[in-house]
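Hello,

Here is the structure we talked about handing over. My notes on it follow below.

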Amino acid sequence: MPRHGKKYRQALARTPRDVRFEDPVEALRLVKEAAFAKFDETVEVAVRLGVDPRHADQVVRGTVALPHGTGKAVRVLVLAQGEKAREAEEAGADVVGTNDLASKIEEGFDDFDVAVATPDQMGVVGKLGRILGPRGKMPNPKTGTVTMDVGKAVREAKAGKLEYRTDRGANVHVTIGKKSFDEKQLLENYAALVDEIVRAKPAAAKGRYIKTVTLTSTMGPGIHVDPARTRGIVDELEQGEPAEDAVTA
């Protein structure tokens with residue numbers, strides 16, 4: 001088991017170990033306080049769900065538009081031609097092309113975060129499945145990244161719209177901002193993510209849906225959040241105390 005450095009151990013010592021779960025407001029405060037790196041650490045959420053991803057009807061996936069983005073400049077690649085290529089460029093796409101761009105990706109080009117394609121490019125996109133699929137960058141009509149409205153798709157991606165999907169362990173990992181974000185920004189992003197995950201609950205899922213939630217920064221320790229608190233999350237910050245009508249998902 002790897003040994004953690006001195007600063008990590010000091011950060012860990014500042015977080016309460018006698019509390020099993022924190023409410024989201026306090027958890028985010030602790031994450032910000034425990035972030036010790038000199039750079040602006042990323043704040044991440046890991047949610048373990050009560051689903052079995054081996055069954056197609058229990059895979060949880062979708063998109064979420066974070067109100068305050070992630071704090072990261074998102075590079076968007078678009079596979080389109082003609083008028084749609086021009087539309088993508090005008091919307092701010094970083095890389096636009098078709099067969100030439102696909103060849104570049106096959107040769108190892110990976111300097112982009114989101115890939116968008118028009119439906120007529122699916123023949124080109126299909127050849128890239130073995131490359132983009134494992135990286136989580138494969139355009140998909142279900143997530144709005146295969147569309148004729150490429151301008152809208154590019155703008156949404158630039159604004160912080162993220163794709164999420166359960167991994168083999170039924171976990172969802174999503175970035176919700178930076179340490180430099182204020183508490184309200186992080187909390188509103190967190191609430192948007194939780195709302196979306198609750199909305200995406202598969203009909204085939206049985207028992208407790210949200211099993212565990214952990215918040216952490218890039219270098220800091222994980223803080224366990226009460227998985228039962230899925231509603232009225234932003235209200236907690238405004239009221240200064242946990243909402244009384246927390247609901248078990």
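**Helix α8 and the sheet under it**

Helix α8 lies across four strands, β1 (42-49), β7, β8 and β9, and runs at about 155° to β7. Please keep in mind throughout that this is a predicted model.

The four strands form an open sheet in the order β7-β1-β8-β9, with antiparallel pairing. Its edges are β7 (171-178) and β9 (223-225); each has a single partner strand, so one side of each is left without a neighbour in the sheet. On average, neighbouring strands here are turned by 25° against each other, direction ignored. Between β8 and β9, which run antiparallel, there are three bridges. T214 stands opposite H224 of β9.

**The cavity**

Searching the whole structure for cavities of 30 Å³ or more gives one. The volume of the largest cavity is about 60 Å³.

Which residues line the largest cavity? They are V47, Y190, V194, I197, I210, V213, D226, P227, R229 and T230. Sorted by class, the lining has seven nonpolar residues, one polar residue and two charged ones. Two elements, α8 (183-199) and β8 (210-217), each supply at least two of the lining residues. The most comes from α8, which gives three residues to the lining. The helix that lies across the antiparallel sheet is thus also a contributor to the cavity wall.

**The parallel sheet**

There is also an open sheet of three strands, in the order β4-β3-β5, and its pairing is parallel. β4 (95-97) and β5 (114-117) are the edge strands, and each pairs on one side only. The average turn between neighbouring strands of this sheet is 15°, direction ignored.

Four bridges pair strand β3 (residues 76-79) with β5 in the parallel sense. Within that pairing, A115 in β5 is the bridge partner of L77. Helix α7 (residues 150-159) packs on this sheet and touches β3 and β5; the direction of α7 makes about 165° with that of β3.

**H68**

One loop residue may be worth a look in your viewer. H68 sits in the loop between β2 (61-65) and β3. Is H68 buried, exposed or partly exposed? Its relative accessibility is 31%, so H68 counts as partly exposed; the partly exposed class runs between the buried limit of 20% and the exposed limit of 50%.

Setting aside the neighbours within four places in sequence, H68 is in contact with F181, Q185, E188 and N189. For one of these, Q185, the C-alpha atom is separated from that of H68 by 6.2 Å, although the two residues are 117 residues apart along the chain.

**Overall figures**

The protein has nine helices and nine strands. Of its 249 residues, 46% are buried. Taking the contacts with a separation of 6 or more, 72% are between residues 24 or more positions apart. The contact between H68 and Q185 falls in that long-range group, with a separation of 117 residues.

Regards

Terms used. Residues are numbered from 1 along each chain as its sequence is written. This is a predicted model: local features need pLDDT of at least 70, side-chain atom pairs count only at pLDDT 80 or more; totals for chains, interfaces and linings use all residues. Side-chain values use heavy atoms; hydrogens and water are left out. Two strands pair if DSSP finds at least two bridges between them. Axes are lines fitted to C-alpha atoms, for helices over the stretch in contact, and angles run from 0 to 180 degrees between N-to-C directions. Contact means heavy atoms within 4.5 Å. Buried means under 20% relative accessible area, exposed over 50%, partly exposed in between (1.4 Å probe, protein chains only). On a 1 Å grid over the protein atoms alone, a cavity is a set of points where a 1.4 Å probe fits but cannot get out, and a pocket is an open set with protein on both sides within 12 Å along at least five of seven lines; lining residues have an atom within 4 Å of a point. Grid points are joined across faces, edges and corners, and a volume is the space filled by probe spheres set on the points. Ala, Val, Leu, Ile, Met, Phe, Trp, Tyr, Cys and Pro count as nonpolar, Asp, Glu, Lys and Arg as charged, and the others, Gly among them, as polar.
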